[in-house]
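Here are my notes on the model you sent over. Have it open while you read, as the points follow the structure piece by piece.

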Amino acid sequence: MNKVILFNFNGTIVNTKNLAIDIFNEIAEKQGYKNISEEEVPFLSTLSIRDRCKTLNVPIYKMPLVGIAIKRRYQTYIPNLKPVLGISEVLKELKKQDYKLGFLTSNNQNKIDEFLINNTINSFDYSHYSFNPFSKSKDISSFLKNNRLKKMRLFT
């Protein structure tokens with residue numbers, strides 16, 4: 001039986017958090033929202049979306065638009081980003097151990113392909129692209145179904 005390890009692209013293969021924060025802060029300046037400081041990130045990570053919006057003075061109904069704006073802007077940066085430190089070695093080691101590797105992402109496929117080529121990370125056997133960045137559980141189910149795989153254990 002083939003064992004497959006499925007990664008979330010953002011945050012595991014490439015760290016887009018700082019870029020997303022920088023882009024949010026650009027939007028915040030124009031819209032009158034509160035900027036995010038580096039020191040606040042751990043605290044903000046513990047909050048629900050609703051509480052983050054309150055803390056950052058972003059009306060909850062505008063958060064999807066802000067998220068889409070951030071995502072659109074950082075797509076242009078993805079090909080030139082660097083992988084998470086050490087991930088290339090981890091992927092190579094997993095391949096040596098005969099694991100099949102895949103990733104989930106809501107990023108643009110062409111931009112991801114450029115990133116993988118630019119960083120010579122061609123270890124992936126599977127990829128799953130979706131539109132909604134908030135539907136990971138649905139994406140995992142869809143990935144498993146499309147590839148006729150069964151979920152045995154989920155690593156985070």
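1. Where in the chain is confidence lowest, and where is it highest? This is a predicted model, and the low end is helix 8 (residues 136-146), with a mean pLDDT of 76. Helix 7 sits at the top, at 95. For the chain as a whole the mean pLDDT is 88, and 94% of the residues reach 70 or more.

2. Now the overall layout. I get eight helices and three strands. Reading from the N terminus, the order is β-α-α-α-α-α-α-β-α-β-α. The C-alpha trace spans about 55 × 30 × 25 Å along its principal axes. Of the 156 residues, 36% are buried. The accessible surface comes to about 10,500 Å², and carbon and sulfur atoms account for 52% of that. If you take the contacts with a separation of 6 or more, 67% of them link residues 24 or more positions apart.

3. On to the sheet. The three strands make an open sheet in the order 1-2-3, with parallel pairing. Strand 1 (4-8) and strand 3 are the edge strands: each has a single partner strand, so one side of each is left without a neighbour in the sheet. From one strand to the next, the twist averages 20 degrees.

4. Here is how the pairs are held. Five bridges connect strand 1 with strand 2 in the parallel sense; among the partners, Val-4 goes with Lys-100 of strand 2. Strand 2 and strand 3 also run parallel, joined by four bridges. There, Thr-105 has Tyr-129 in strand 3 as its bridge partner.

5. Which side chains of strand 1 point to the buried face? Ile-5 and Phe-7 do, and both are buried. Val-4, Leu-6 and Asn-8 point to the other face and are not buried. That fits the general pattern, since side chains in a regular strand alternate between the two faces of the sheet.

6. Have a look at His-128 in strand 3. Is this histidine buried or exposed? His-128 counts as buried because its relative accessibility is 11%, under the 20% cut-off. Leaving out neighbours within four places in sequence, His-128 is in contact with Phe-103, Leu-104 and Thr-105, and also with Asp-139, Ser-142, Phe-143 and Asn-146. Asp-139, Ser-142, Phe-143 and Asn-146 have numbers inside the range of helix 8 (residues 136-146), so keep in mind that confidence is lowest in that helix, at a mean of 76.

7. Pro-79 is another one to click on. This proline is in the loop between helix 5 (63-75) and helix 6, yet Pro-79 counts as buried, at 4% relative accessibility. What does Pro-79 touch, leaving aside its neighbours within four places in sequence? The contacts are Lys-111, Glu-114, Phe-115, Asn-118 and Asn-119. Pro-79 and Asp-113 are 34 residues apart along the chain, but their C-alpha atoms are separated by 7.8 Å.

8. Ser-88 belongs to helix 6. With a relative accessibility of 19%, Ser-88 counts as buried, given that the cut-off is under 20%. Not counting residues up to four places away in sequence, Ser-88 touches Pro-83 and Ile-121.

9. Last, two backbone angles to check. Most residues other than glycine have a negative phi. Which way does Asp-98 go, positive or negative? Asp-98 has a positive phi of about 75 degrees, and it is not a glycine. Asp-98 lies in the loop between helix 6 (87-96) and strand 2 (100-105), and at 65% relative accessibility Asp-98 counts as exposed. Thr-120 also has a positive phi, near 45 degrees. Its loop is the one between helix 7 (109-118) and strand 3 (126-129), and Thr-120 is exposed, with a relative accessible area of 66%.

Definitions and conventions:
Residues numbered from 1 in each chain as written. Predicted model: local features only at pLDDT ≥ 70, side-chain atom pairs only at ≥ 80, totals over all residues. Heavy atoms only, no water. Helix = DSSP H or I, 4+ residues; strand = E, 2+ residues; numbered from the N terminus. Buried < 20%, exposed > 50% of the residue type's maximum accessible area, 1.4 Å probe, protein only. Pairing = 2+ DSSP bridges. Axes fitted to C-alpha atoms, helices over the stretch in contact; angles between N-to-C directions. Contact = heavy atoms within 4.5 Å. pLDDT = per-residue confidence, 0-100. Areas by Shrake-Rupley, 256 points an atom, 1.4 Å probe, with all protein chains shown as cover.
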